[in-house]
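Please work through the following exercises with the structure at hand. Each task is followed by a solution in steps.

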Amino acid sequence: MAFGKNQRSDPRRSSSSSYCSTVTIGVFVALCLVGVWMMTSSSVVPAESVEMSPKETKTEVKEQVVETEARQFEDSSGDVPEDATKGDANTDAQDGTSSEENQSQNLSEKTTENTVEENQEENSVRESEDTKNGSDDTSKNESGNDGDGKADSGENNTEGGEVNSESKETNTEGGETNENGHADGQDKESDGEKKESEESSGEKVQGQIEEKVEQNQGNGSEQNSGENKIKEQVKGQSSNEVFPDVAQSELLNETSTQNGVWSTQAVESKNEKEVQQSSSNGQSGYKWKLCNVTAGADYIPCLDNLAAIKKLHSTKHYEHRERHCPEEGPTCLVPVPEGYRRSIEWPNSRDKIWYFNVPHTKLAVVKGHQNWVKVTGEYLTFPGGGTQFKNGALHYIDFIQEALPDIAWGRRSRVVLDVGCGVASFGGYLFDRDVLTMSFAPKDEHEAQVQFALERGIPAISAVMGTKRLPFPGKVFDIVHCARCRVPWHIEGGKLLLELNRVLRPGGYFVWSATPVYRKGPEDAGIWNAMTALTKSMCWDLVTIKNDELNEVGVAIFKKPSSNECYEKRTENNPPLCKENDDPNAAWNVPLEACMHRVPVGAGERGSQWPEQWPLRLEKPPYWLGNSQVGVYGKAAPEDFLSDYQHWKRVVSKSYMNGMGINWSTVRNVMDMRSVYGGFAAALRDMKVWVMNIVSIDSADTLPIIFERGLFGMYHDWCESFSTYPRTYDLLHADHLFSKVKQRCNLVAVIAEVDRILRPEGKLIVRDSVDVISEVENMARSMQWEIRLTYSKDKEGLLCVQKTMWRPQEVETSMSS
């Protein structure tokens, strides 16, 4: 009975028990589903949204950044600096560590064409968070991230100023620097570091620039990578100096930005493909051929124009060594000598060069006993000697200053012209005295002497004193030097010596080291007497004569007058004074005349005072630039000068030094193809380089200002070939040059000339309009050059390319050479 009673009560108890069991099972299933959901969602939500300890958060974020960077810069050797000091070294080590490569491979498997930027990631994160039932967990995750110093998901916070590259992280506002290229557990991560996905085509990024961003309004500009180039599209920016004008435009390494909408990878990839397709189409219009000329790999079009030389009526005045340019500039590419190697770096190059780079031995045979050059195995070596200083140039340089202490190398005497320079050891060793020397000699008069000088890293041009003025303004050189230069100064009324008088600064010195100074034979004595009479009639003062017992030579030093008093006291007007309307600065294809220009004496006239001592003269506007004069940029001349100097200091320090992956230790010979005040060269003053400043003949004549600063340069017309051997410059800089040149001549010929004078692995930096940048880039691509950087903003652009060893197979025979 008791059992039956219990049975009557069981239905209620059984129903309650079943209900509890059902609830229990439901809760368990729900918990399982929640667990599964949490596990799956953790693989999607970014590190910023996952709850973990601060240490774990840092580690995971850093690993993701490393994965992104490793993939972004994979296979980019030669395009970006290997580290802060190794510039563009061509090593495979730049591809990253093996662990980074594995991470890159894993990342690539997850990357698709439709991968989007951080703004879309932010939206997906928020959508995921909205679906969560546990808002408290989300709050904990966010607070955990905030506590660890991380920015909100999707924001690019540039306050830290850090920008990651393959080899280093740069913090522009006092932050930390990680030189290993990947995160270290003790280092802080930059706020809001941004991940970039690869191109849908799967092509590897081969170029990268470091952009320093100045935080004003929160976010920095974005960077889009593509094959062989980096193209930055800056949207919605405001800046204090965003290409302020054509003349002073500069790369935006430092910008202030607004909160713009980030572009998507899909849009970026589409744009990049269109650009590449356009570039590919453009290349079809350029078909390069190899120059088949008598001069071979040493071809200088304006000096090797055999057809023009054959038509000369006389060679008495070395007319055959002067410039005779073809009517149209050649568009063929000069061959590279067999066995050519990358030039030895300065200062080692002063002592030796690769033989196969300049495979000429005539000078070693003829002048070997005078220590000009010797053949030593695979090198050509330069003991530092010369005809007048067999025991070394340094002793000879010191000997000159001992003869006349007022020479004051590197202080009073800064810019020197060396006539008949040989292999330019005199100028090469004057660098040790802080002196800049422009050396010149005729082509082939002594085989390849100027080519030797340039390969050594010493300034030199191929030129001759014949029937035309030298391509320099008047009154610019502090000293003119001639050591057995084989120039007949005294003949034809002293016409050639009077040309030196034109370019020599009033109060400057002519240093003459030749046999007539110290030998007494009939020929030498006759020349000495003629020179003495000529220099006296020119009012030059013979300051001193001194013999060098070690080298058994002598030197005579003359000084040009600083006033017109002597000219007015002469009993004979011979040589005559030049006419008043004769411009001493006119020097492009101007015939020589046997006359002298008056010395300027007015307080505001150039040449009436000696420049400031070096290096003050580099930075200070010349005394003869007045506020009433308008500079090339429209400001008062002194202000214009200073603005230009400050502009180029910013560009060089913030862009060129670190932003292009150029290893400046490999750069020695530099040319500014369109110099204005010489600001670019002045900004490089602390580098181990020298700069040839070119003032185009159709530009404002600012070359005297460049010389006044203690720099040097020359006039040139870029519709013609430059008077230098092929492969003689490491870096060419063209600031708004090509857009001007193409109005007068064939731009293809100009680029062929750029290829001729640039060394393999040499760099070309172009600043110009976007249209011209695109045209030059297409030509560079067609020559198989490496595109290191393209950048554009407001119709202005910048391009950096690197020449390669590529040469075309098809040959073009020149009818004139």
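Two exercises follow, one on a sheet and one on a pair of helices, both taken from a predicted model.

**Exercise 1.** Determine the strand order of the open sheet that contains β8, β9 and β10, and identify the strands at its edges.

*Solution.*
Step 1. The open sheet has 3 strands in the order β8-β10-β9, and their pairing is antiparallel.
Step 2. β8 (352-354) and β9 (374-376) each have a single partner strand and therefore stand at the edges, one side of each being left without a neighbour in the sheet.
Step 3. From one strand to the next, the twist averages 30°.
Step 4. Strand β10 (residues 379-381) runs antiparallel to β8, and 3 bridges join the two.
Step 5. Within this pairing, Lys-352 has Thr-381 in β10 as its bridge partner.

**Exercise 2.** Describe how helices α21 and α22 cross, and classify the residues at their contact.

*Solution.*
Step 1. Helix α21 covers residues 747-757 and helix α22 covers residues 770-782; their axes come within 11 Å and cross at roughly 55°.
Step 2. Because angles of 35 to 65 degrees fall outside the parallel and perpendicular classes, α21 is oblique to α22.
Step 3. The crossing of the two helices, α21 and α22, is right-handed.
Step 4. On the α21 side, Leu-747, Val-748 and Ile-751 take part, meeting Glu-775, Val-776 and Met-779 of α22.
Step 5. Sorted by class, the contact of α21 with α22 comprises 5 nonpolar residues, no polar residues and 1 charged residue.

Methods: Residues numbered from 1 in each chain as written. Predicted model: local features only at pLDDT ≥ 70, side-chain atom pairs only at ≥ 80, totals over all residues. Heavy atoms only, no water. Pairing = 2+ DSSP bridges. Helix = DSSP H or I, 4+ residues; strand = E, 2+ residues; numbered from the N terminus. Axes fitted to C-alpha atoms, helices over the stretch in contact; angles between N-to-C directions. Parallel < 35°, antiparallel > 145°, perpendicular 65-115°, else oblique. Left-handed = near helix turned anticlockwise from the far one by under 90°. Contact = heavy atoms within 4.5 Å. Nonpolar A, V, L, I, M, F, W, Y, C, P; charged D, E, K, R; others polar.
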